[in-house]
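Student: Got a minute to go through this one with me? Let's pull it up.
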Amino acid sequence: MAKPPLRVGLIGTGFMGKAHIFGYTTAARVFDLPRNIVLDTVADITDEAARAAATRYGFEKATSDWRTIVEDPNIDVVNITAPNALHKEMSMAAIAAGKHVYCEKPLAPLAIDASEMTEAAEAAGVKTQVGFNYICNPVFGLAREMIRSGELGEIRAYRGYHAEDYMTDETAPFTFRHDPQGGGAFADLGSHTLATAEYLLGPITRVMGDTVNVIGERPDGKGGIRKVEVDDVGRAFLRFQSGATGSVEASWIATGQKMSHDFEVYGSRGGLTFSGERLNELRFYPVSAIPGRDGFRTILAGPNHPPYGEFCVAPGHQLGFNDLKAIEVAGYVGAIAGLHDEPFNFRAGWRIQSLVETVHRSSQQERWLDT
Ligand code: NAD
């Protein structure tokens, strides 16, 4: 029997728009999805950009007006990969039209906006998803299983680090990521590292933040200079509900770092480390009974770490960044079909936005705050 179609309207065809398109096309081939994904309409700010994307990626229609997607009765999912400041308006319009909404992180510039989006979606009964793709990594699932099963003993400490260097150059222009409302490295990258911290260790209950602006002005892209107020580096000490202590750091001026979405977990019987630049490797240190025989060993992702086996039967052959989007898409499509809960819905995205804001507030007030 033919699977019912799931018609997607995608808004914004930049870095993440392309990653989501990879996600839809790959997920449809790798997983036995319950719905047949149809790339229906693509929107960008000009007709040319939208048409070029439609031709290149195989959408049926193109538009320079994203409302066309929201208003189209045939479209099931509105996929928002546009700049942060637009997430709320687009999501609220889509929810009001009864669409499922898949929105990139951060869910909205402010937690209050994210709360309104969450409440609107839940009241409308639509399915939502936020793009925290790193937690879709099969070795993150393995790490969580090892933590929860007690294999590492009592978990005592955590360290998270998301560092890239795309804002190192002070002559790089002001972008939506510098928006005084909701911009900054901690919202952009710290959100990911907080999501990973809670995915692995459970709720964070207290934070002590330090978020710092380093580059105070940038070219505005129109020949002038624009003041930049948002943080380039953010750090937070953490207390987890479990009793573990920890820290996270996010930076977009970490010269030389390209994709360090890293974590370290220290338990009484073992330790784990991971680096985003080694996406398929989990390093495991089991406390050894034999003196002189201890040391970290590397576990390579393989079919024993779901859903790696859907992609490839052979271990160690490696998944990539875009494959994590395919896993995220598959989880979301399953949720839309009613097979399970959404993997990371708007309520979860709101939680992360609240944590980001609490870290900023703690930094401003120079004191520990409850989350
Ligand atoms: P980008 O600048 O590469 O792409 C944004 C796209 O949106 C551009 O094509 C732009 O023309 C389009 N756009 C802007 N205004 C629009 C409008 N009114 N209507 C239609 N299209 C419009 O940005 P990006 O890096 O792709 O970031 C987009 C979102 O994805 C952001 O929220 C960002 O935080 C998020 N993001 C997530 C990850 C991740 O790993 N999950 C990585 C990067 C970015």
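Tutor: Sure, one term up front: a polar contact is a pair of N or O atoms within 3.5 Å; within protein, one must be able to donate a hydrogen and the other to accept it, and residues adjacent in sequence count only if both atoms are side-chain atoms. Also, this is a predicted model, where local features need pLDDT of at least 70 and side-chain atom pairs count only at pLDDT 80 or more, while totals for chains, interfaces and linings use all residues. Residues are numbered from 1 along each chain as its sequence is written, and side-chain values use heavy atoms, with hydrogens and water left out.

Student: OK, ligand then. What lies 3.4 Å from an oxygen atom of the ligand?
Tutor: A backbone N or O atom of Thr 13. Lys 105 also has a polar backbone atom 2.7 Å from a ligand oxygen, and Glu 104 puts a polar side-chain atom 2.9 Å from a ligand nitrogen.

Student: How much of the ligand does the protein bury?
Tutor: The protein buries 83% of the 850 Å² that the ligand exposes when taken alone (accessible areas by the Shrake-Rupley method with a 1.4 Å probe).

Student: And how many residues surround the ligand?
Tutor: 27, and the closest are Met 16, Asp 44, Asn 84, Lys 105 and Asn 133. Being near here takes a heavy atom within 4 Å.

Student: Switching topic: how is the chain divided?
Tutor: Into domain 1 (5-133) and domain 2 (138-278 + 280-316), with bounds from an automatic or database domain assignment. Their contact (heavy atoms within 4.5 Å) takes 12 residues from domain 1 and 12 residues from domain 2.

Student: Which residue forms a salt bridge with Lys 105?
Tutor: Asp 188, with the closest N and O atoms 3.1 Å apart. A salt bridge is a side-chain nitrogen of Lys or Arg within 4 Å of a carboxyl oxygen of Asp or Glu. Between domain 1 and domain 2 the count is one salt bridge.
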